[in-house]
Amino acid sequence: VQLQACGGGLVQPGDSLRLSCAASGPTFTSTAMGWFRRKPGKEREFVATVDWNGRPYYADFVKGRFTIFRDNSKNTASLDMASLEPEDTAIYYCAAGLAGGPEKTLYPYWGQGTQVTVSS
């Protein structure tokens with residue numbers, strides 16, 4: 001599975017942004033898709049994941065602001081982010097694995113990352 005993430009950019013606090021991840025490969029529909037992020041100087045952390053059946057799971061800090069979903073007909077997984085805060089500034093990565101969850105080790109496939117900057 002090859003992954004291509006896009007949609008990052010510079011936004012103001014309170015704005016919304018959609019990140020998308022396009023996947024190639026015959027096994028997309030049987031994989032879980034996840035989003036992780038890495039803040040400057042920090043470890044990569046879990047944001048959200050959606051299993052092959054569309055069931056989402058979120059990190060606690062999301063607090064209802066983010067929505068992850070997938071479109072198996074288009075081989076895409078997206079992350080809608082609302083009420084963005086400066087603390088959300090990070091490089092966001094999409095990832096794919098047979099078993100979804102919050103652990104990075106569950107995802108053998110990673111996209112290249114897309115920068116999200118939240119600043120006034």
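This is a short tour of one chain, stop by stop, with a selection to make at each one. Keep in mind that the model is predicted.

**Stop 1: the whole chain**

Start with a cartoon view of everything. The chain has eleven strands and zero helices, so expect nothing but β elements as you walk from the N terminus. The C-alpha trace spans about 40 × 25 × 25 Å along its principal axes. The radius of gyration is 13 Å, which agrees with the value near 14 Å that a compact globule of 120 residues would have.

Now colour by accessibility. Buried residues make up 40% of the 120 in the chain. The accessible surface comes to about 6,200 Å², and carbon and sulfur atoms own 51% of that area. If you like contact maps, here is a number for yours: among contacts with a separation of 6 or more, 55% join residues 24 or more positions apart.

**Stop 2: the nonpolar core**

Select L19, W35, V47, F66, L79, M81 and Y92. These belong to the largest nonpolar core, which has 30 residues, and they touch the most other members. Which elements give two or more residues to this core? They are β1 (2-6), β3 (17-24), β4 (32-38), β5 (44-50), β7 (66-71), β8 (76-81), β9 (90-97) and β11 (114-118). The largest share, five residues, comes from β9.

Next, centre on L79 and show its surroundings. Leaving aside neighbours within four places in sequence, L79 is in contact with L17, R18, L19, W35, V47, A48, F66, T67, I68 and Y92.

**Stop 3: A77 in strand β8**

Stay with β8 and pick A77, which has its place in that strand. Is A77 buried or exposed? Its relative accessibility is 1%, so A77 counts as buried. Beyond the residues up to four places away in sequence, A77 touches L19, S20, C21, M33, W35, F69 and R70. Try a distance label too: A77 and A90 are 13 residues apart in sequence, and their C-alpha atoms are 19 Å apart in space.

**Stop 4: aromatic rings and an arginine**

Select F36, F46, Y57, Y107 and W110, which form one aromatic cluster. The count of aromatic pairs comes to five. While the rings are on screen, a pair can be described by the distance of the centres and the angle of the planes.

Now add R44 and Y93 as sticks. The charged end of R44 sits over the ring of Y93, 3.8 Å from its centre. R44 also lies over the face of W110, at 4.7 Å from that ring centre.

**Stop 5: R65 and the loops**

Move to the loop between β6 (56-58) and β7, where R65 lies. R65 is a charged residue to check against your accessibility colours: with a relative accessible area of 12%, R65 is buried. Set aside residues up to four places away in sequence, and R65 touches D80, M81, A82, S83, L84, E85 and D88.

One of those contacts, S83, makes a good next click. S83 is found in the loop between β8 and β9, and is partly exposed at a relative accessible area of 41%. Its phi is near 50°, a positive value in a residue other than glycine.

Finish at N75, in the loop between β7 and β8. Where does its phi fall? The phi of N75 is near 55°, again a positive value in a residue other than glycine.

Technical notes: Residues are numbered from 1 along each chain as its sequence is written. This is a predicted model: local features need pLDDT of at least 70, side-chain atom pairs count only at pLDDT 80 or more; totals for chains, interfaces and linings use all residues. Side-chain values use heavy atoms; hydrogens and water are left out. A nonpolar core is a set of buried Ala, Val, Leu, Ile, Met, Phe, Trp, Tyr and Cys residues joined through side-chain atoms within 4.5 Å. Buried means under 20% relative accessible area, exposed over 50%, partly exposed in between (1.4 Å probe, protein chains only). Helices (H or I, at least four residues) and strands (E, at least two) are DSSP runs, numbered from the N terminus. Contact means heavy atoms within 4.5 Å. Rings of Phe, Tyr and Trp (its six-membered ring) pair if their centres lie within 6.5 Å; planes under 30 degrees apart count as stacked, over 60 as edge-to-face and the rest as tilted. A charge sits over a ring if NZ of Lys or CZ of Arg is within 6 Å of the ring centre and within 35 degrees of the ring normal. The radius of gyration is taken over C-alpha atoms; the globule rule is 2.2 Å times the number of residues to the power 0.38. Accessible areas come from the Shrake-Rupley method with a 1.4 Å probe; for residues, only the protein chains shown count as cover.
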